[in-house]
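This report walks through the fold of one protein chain, from local turns to the whole. The sequence and the structure come next.

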Amino acid sequence: MKFSSLRQSLAVLKQQGELVQINHRVDPNLEMAEITRRVFNAKGPAILFTNIKDNSFPAVSNLFGTFERTLKIFEPQLASVKALVDIKSDFGLNFQSFGKLLKALPALSHSLPLKASRPKVFEKTCGIKDLPMIRCGPGDGGAFILLPQVFSHDPEKNSLFSSNLGMYRVQISGNDYQDGKEIGLHYQLHRGIGNHHKKALEKNCALRVSIFIGGPPAHTLAAVMPLPEGVPEIAFAGALAGKNFKYAKKHQYLISADADFCITGVIIPGKTKREGPFGDHLGYYSLEHEYPYLKVDSVYHRKDAVFPFTVVGRPPQEDSNFGKLIHEITRPAIKDSIPGVVAVNAVDDAGVH
């Protein structure tokens with residue numbers, strides 16, 4: 001089924017017995033994360049929290065908590081996307097297998113981003129402090145957004161096809177951040193947004209960033225896909241969703257029309273603040289370090305917005321299922337991109353990332 005929104009996917013999972021709703025009051029400080037860990041370890045359903053302390057938004061976790069549920073969410077588009085990757089990896093397939101080309105056409109047809117006229121994400125606005133302040137570990141430096149889709153343009157090109165959509169943790173409370181007005185961004189210099197930031201520093205200009213939260217589940221997976229240089233994640237998001245990525249522009253920011261939330265802001269050149277600590281993907285704490293931060297401009301959201309989150313830590317965790325799915329999709333592309341590589345075994349216990 002093609003999911004055009006997070007709400008739609010949750011409704012289908014509920015009908016299939018793959019989602020449980022918790023209406024009792026829960027605390028975003030450690031409690032929600034611990035509930036999620038226990039349900040994940042039991043291979044349980046996705047969890048919709050509807051009564052969060054000091055917050056009015058519902059939140060969902062463990063959406064991709066089992067590989068079987070993850071496959072269910074992305075079928076039937078998955079076969080078309082895998083066929084497209086196969087063709088990209090071996091162009092000769094275009095002529096050898098007409099059937100594979102036909103199978104890839106739906107993904108290809110949905111890969112072009114389209115402009116939206118009346119995006120639902122503009123229905124309401126709120127502040128950073130209105131978001132669920134989910135803190136996952138007792139040593140964490142504050143609350144974090146852990147399933148964000150962080151969008152940036154190449155400052156020299158400003159093209160949709162020179163953009164990056166990545167998943168980098170976002171600290172929304174704690175440390176020296178100005179409460180509700182500044183948020184931390186944690187990313188490595190070799191990542192797509194790191195290249196954009198480097199160019200912005202060279203030009204001594206602010207880098208505009210949009211952070212999408214929620215939307216079709218395919219957009220979340222697209223943000224963690226290891227795509228080749230020159231292939232924009234928003235194109236892959238449309239291909240995997242079976243629905244073109246819809247966007248709008250406001251105050252020079254690109255906005256995902258189908259997101260549940262969108263935070264906009266700028267990274268000021270040369271400015272950093274302490275980010276962390278954070279209980280990271282291998283079960284250890286990454287300590288405080290200086291990182292760029294975002295000066296928040298606006299926070300938009302749908303009137304029926306749901307806040308998705310995950311919990312990371314010692315493998316296996318929910319992101320392990322992302323790794324397994326990505327491994328399946330990109331298997332031919334890895335051999336094509338790295339000469340001499342015959343096969344790759346992404347060992348989860350060693351950090352599938």
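Which residue takes a positive phi in the hairpin of β12 and β13? His251 does, at a phi near 50°. Two residues lie between the strands of that hairpin. Note that this is a predicted model.

**The hairpin and its sheet**

Strand β12 covers residues 246-250 and is joined to β13 by four bridges. The two strands run antiparallel. Lys249 has Leu254 of β13 as its bridge partner.

The hairpin belongs to an open sheet of three strands, in the order β4-β12-β13. The pairing in this sheet is mixed. β4 (114-115) and β13 each have a single partner strand, so each has one side without a neighbour in the sheet. β4 and β12 run parallel and are joined by two bridges. There, Lys115 has Tyr247 of β12 as its bridge partner.

In a regular strand, side chains alternate between the two faces of the sheet. Strand β13 (residues 253-256) is covered on both faces. Tyr253 and Ile255 are buried on one side, and Leu254 and Ser256 are buried on the other.

**Around β19**

Strand β19 spans residues 293-301. Seven of its nine residues are buried, so the strand is mostly covered by the under 20% cut-off for relative accessible area. Strands β5, β10 and β14 pair with β19 as listed below.

| Strand | Residues | Sense to β19 | Bridges | Residue pair |
|---|---|---|---|---|
| β5 | 124-125 | antiparallel | two | Thr125 opposite Tyr300 |
| β10 | 182-185 | antiparallel | three | Gly184 opposite Tyr293 |
| β14 | 261-267 | antiparallel | seven | Thr264 opposite Ser298 |

Thr264 sits in β14. Is Thr264 buried or exposed? Its relative accessible area is 1%, so Thr264 is buried. Beyond its neighbours within four places in sequence, Thr264 contacts residues of β19, including Leu294, Val296, Ser298 and Tyr300. Thr264 also contacts Tyr253 and Ile255, two buried residues on one side of β13. Val209 and Ser210 are among its other contacts.

**His153**

A second buried site lies in strand β7, residues 148-153, where His153 is found. The relative accessible area of His153 is 12%, which means it is buried. What does His153 touch, leaving aside its neighbours within four places in sequence? The contacts are Asn158, Ser159, Leu160, Ser162, Ser163, His196, Leu207 and Leu254. Leu254 links this site back to the hairpin: it is the bridge partner of Lys249.

**Helix α1 and the sheet beneath**

Another open sheet has four strands, in the order β1-β2-β3-β20. Its pairing is mixed too. β1 (19-22) and β20 (307-308) are the edge strands, and each pairs on one side only. β3 (residues 59-61) pairs with β20 in the parallel sense, over two bridges. Ala59 stands opposite Phe307 of β20.

Helix α1, residues 6-15, lies across β1, β2 (46-49), β3 and β20. The helix runs at about 105° to β1.

Which residues of α1 are buried? They are Leu6, Ser9, Leu10, Val12 and Leu13. Seen down the helix axis, these residues fall within an arc of 160°, so they line one face of α1. They pack against β1, β2, β3 and β20, and also against α3 (67-74) and α8 (217-222).

Both ends of α1 have a local feature. Ser5 caps the N-terminal end, with a side-chain oxygen 3.1 Å from the backbone nitrogen of Gln8. Just after the helix, Gly17 takes a positive phi of about 75°.

**The whole chain**

How many helices and strands are there in the protein chain? It has ten helices and 20 strands. The radius of gyration is 19 Å, close to the 20 Å that the globule rule gives for 353 residues, so the chain is as compact as a globular protein of that length. Along the principal axes, the C-alpha atoms fill a box of roughly 60 × 50 × 45 Å.

Of the 353 residues, 54% count as buried. Among contacts with a separation of 6 or more, 73% join residues 24 or more positions apart.

Notes. Residues numbered from 1 in each chain as written. Predicted model: local features only at pLDDT ≥ 70, side-chain atom pairs only at ≥ 80, totals over all residues. Heavy atoms only, no water. Pairing = 2+ DSSP bridges. Contact = heavy atoms within 4.5 Å. Axes fitted to C-alpha atoms, helices over the stretch in contact; angles between N-to-C directions. Buried < 20%, exposed > 50% of the residue type's maximum accessible area, 1.4 Å probe, protein only. Arc of directions from axis to C-beta. Polar contact = N/O pair within 3.5 Å; in protein donor to acceptor, adjacent residues only side chain to side chain. Rg over C-alpha atoms; globule rule 2.2 N^0.38 Å.
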